[in-house]
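Subject: Structure handover

Hello,

Here is the structure you will be working with. Please open it beside this message and follow along.

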Amino acid sequence: MIDFSPEFLNVLKSAKRVAVLTGAGISAESGVATFRGKEGLWAKFRPEELASADAFMLNSALVWEWYQYRRDIIDKVQPNPGHFALADMEKHFKSFALITQNVDGLHRRAGSQNILELHGNITRNKCFNCGKPFIDEINLDQKKPPCCNCGGKIRPDVVWFGETLPQSEFEMANEASATADLFFAAGTSAIVYPAAGLPMIAKRHGAYLVEINIEPTPLTDMADSFMQGKSGEILPEIVKWLRK
Ligand code: BV8
Ligand code: ZN
């Protein structure tokens, strides 16, 4: 049983508008490697070598291999108690926005409804040239990577470094952060912008800022409450309080 501060419990009970920003850490307990941990996806390569348009133009086969490798993992894993707790939490508040940097689709599989995917979704593909969704099977055995009938290369429908975030999702995420009275940052290293700026927007507009992480991040000093531990253990405990 986790003993939360009376201050946090007061805020939790009186909150009307809640926003949550999640990162790869929330999927770690499902068995999806994070990006920057020692066992992280980027242990061998630098992020820019894989998650960028240049990397793709330079070596689309390597980038495709990386995404297919990640898709194979994601196909085999399940949402964990942290994902389910957030899906449950949504029902307890008048307004609840789940803003995620993750592309694994696990929040939707856990039953969350109001999800803002800031970095796209690894299960979707699109044409790099005309942007049209590509719904056929990706078969990497063919010599050249899949192409669109406009001649453009097919790519994963995710946001790479140097690319802008989907405008409407980002605007809604900004609005949710600026109007929240309670904001959770869960399982994120808080270093990738502009997503990492959202907790500060919330805090500046008067939200009570809670960080849930197994270790401190650049956000920790400004959080009103730093809950050190696994999101899959802490979030269900918070939901238990909501049910009381
Ligand atoms: C933009 C793609 C500009 C999808 C990702 C220099 C050069 C180029 C760009 C920049 C630069 N300096 C700054 C920038 C901007 C750049 C940026 O912020 N770079 C950082 C690295 C400095 N941002 C961008 O490029 C963005 N676009 O700015 O556009 C622009 C503007 C106008 C016009 C044109 C362009 C685009 C950013 C999106 C990049 N795409 N991924 C994919 O393949 O997945 S980023 C990648 O990092 C993932 O999406 C991930 O979501 C994101 C953040 O990582 P986290 O989710 O936080 O994961 P991480 O592993 O880092 O941390 C996990 C955390 O969980 C840890 O803290 C750990 O302690 C914790 N944890 C672990 N287990 C648990 C846990 N916590 C709780 N419980 C557990 N069990
Ligand atoms: Zn096309």
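To begin with a single residue: Ala190 counts as buried, at 6% relative accessibility, since the cut-off for that word is under 20%. Ala190 sits in the loop between β6 and α9 (198-204). Its phi is positive, about 55 degrees, although Ala190 is not a glycine. Most residues other than glycine have a negative phi, and most peptide bonds are trans. The loop between β6 and α9 also holds Pro194. The peptide bond that joins Tyr193 and Pro194 is cis, with omega at about 0 degrees. Please keep in mind throughout that this is a predicted model.

The sheet

In what order do the strands of the open sheet stand? The six strands are arranged β3-β2-β1-β6-β7-β8, and the pairing is parallel. β3 (115-117) and β8 stand at the edges with a single partner strand each, so one side of each has no neighbour in the sheet. On average, neighbouring strands of this sheet are turned by 15 degrees against each other, direction ignored.

At the β3 edge, strand β2 (residues 95-100) pairs with β3 in the parallel sense over three bridges. Here Leu98 stands opposite Ile115 in β3.

Further along the order, β6 (182-186) is joined to β7 by five bridges, and the two run parallel. Ala185 stands opposite Glu211 in β7. From strand β7 (residues 208-213), four bridges lead to β8, again with the strands running parallel. The bridge partner of Asn213 is Gln228 in β8.

β7 and β8 compared

In a regular strand the side chains alternate between the two faces of the sheet. Both faces of β7 are covered. On one side Tyr208, Val210 and Ile212 are buried, and on the other Leu209, Glu211 and Asn213 are buried. Six of the six residues of β7 are therefore buried, and the strand is largely enclosed by the rest of the structure.

Which residues make up the covered face of strand β8 (residues 225-228), and which the uncovered one? Ser225 and Met227 form the covered face, while Phe226 and Gln228 form the uncovered one.

Just after β7, Ile214 is found in the loop between β7 and β8. Is Ile214 buried or exposed? Ile214 counts as exposed, because its relative accessibility is 54% and the cut-off is over 50%. Leaving aside neighbours within four places in sequence, Ile214 is in contact with Gln228, Gly229 and Lys230. Ile214 and Lys230 are 16 residues apart in sequence, yet their C-alpha atoms are 5.7 Å apart in space.

Helices on the sheet

Helix α1 (residues 6-14) lies across β6, β7 and β8, and runs at about 115 degrees to β6. α10 packs on the sheet as well, touching β6, β7 and β8, and its direction makes about 140 degrees with that of β7.

How do α1 and α10 meet? The axes of α1 and helix α10 (residues 231-243) come within 10 Å and cross at roughly 60 degrees. That makes α1 oblique to α10. The crossing of α1 past α10 is right-handed. From α1, Phe8, Leu9, Leu12 and Lys13 take part in the contact, and from α10 Ile238, Trp241 and Leu242. By class, the residues of this contact are six nonpolar, no polar and one charged.

α10 has another helix to deal with. The axes of helix α6 (residues 81-89) and α10 come within 7 Å and cross at roughly 30 degrees. The two helices are therefore roughly parallel to each other, because angles under 35 degrees count as such. The crossing of α6 and α10 is left-handed. In α6 the residues involved are Pro81, Gly82, Ala85, Leu86, Asp88 and Met89; their partners in α10 include Ser231, Leu235, Val239 and Arg243. The contact of α6 with α10 has nine nonpolar, three polar and two charged residues.

One more residue

Finally, look at Ser27 in helix α2 (residues 25-28). Ser27 is buried, because its relative accessible area is 1%. Not counting residues up to four places away in sequence, Ser27 touches Val32, Asn80, His83, Asn102, Asp104 and Leu106.

Regards

Definitions and conventions: Residues are numbered from 1 along each chain as its sequence is written. Chains are lettered from A and ligands numbered from 1 in the order in which they are written. This is a predicted model: local features need pLDDT of at least 70, side-chain atom pairs count only at pLDDT 80 or more; totals for chains, interfaces and linings use all residues. Side-chain values use heavy atoms; hydrogens and water are left out. Axes are lines fitted to C-alpha atoms, for helices over the stretch in contact, and angles run from 0 to 180 degrees between N-to-C directions. Angles under 35 degrees count as roughly parallel, over 145 as roughly antiparallel, 65 to 115 as roughly perpendicular and the rest as oblique. A crossing is left-handed if the near helix is turned anticlockwise from the far one by less than a right angle, and right-handed if clockwise. Contact means heavy atoms within 4.5 Å. Ala, Val, Leu, Ile, Met, Phe, Trp, Tyr, Cys and Pro count as nonpolar, Asp, Glu, Lys and Arg as charged, and the others, Gly among them, as polar. Buried means under 20% relative accessible area, exposed over 50%, partly exposed in between (1.4 Å probe, protein chains only). Two strands pair if DSSP finds at least two bridges between them.
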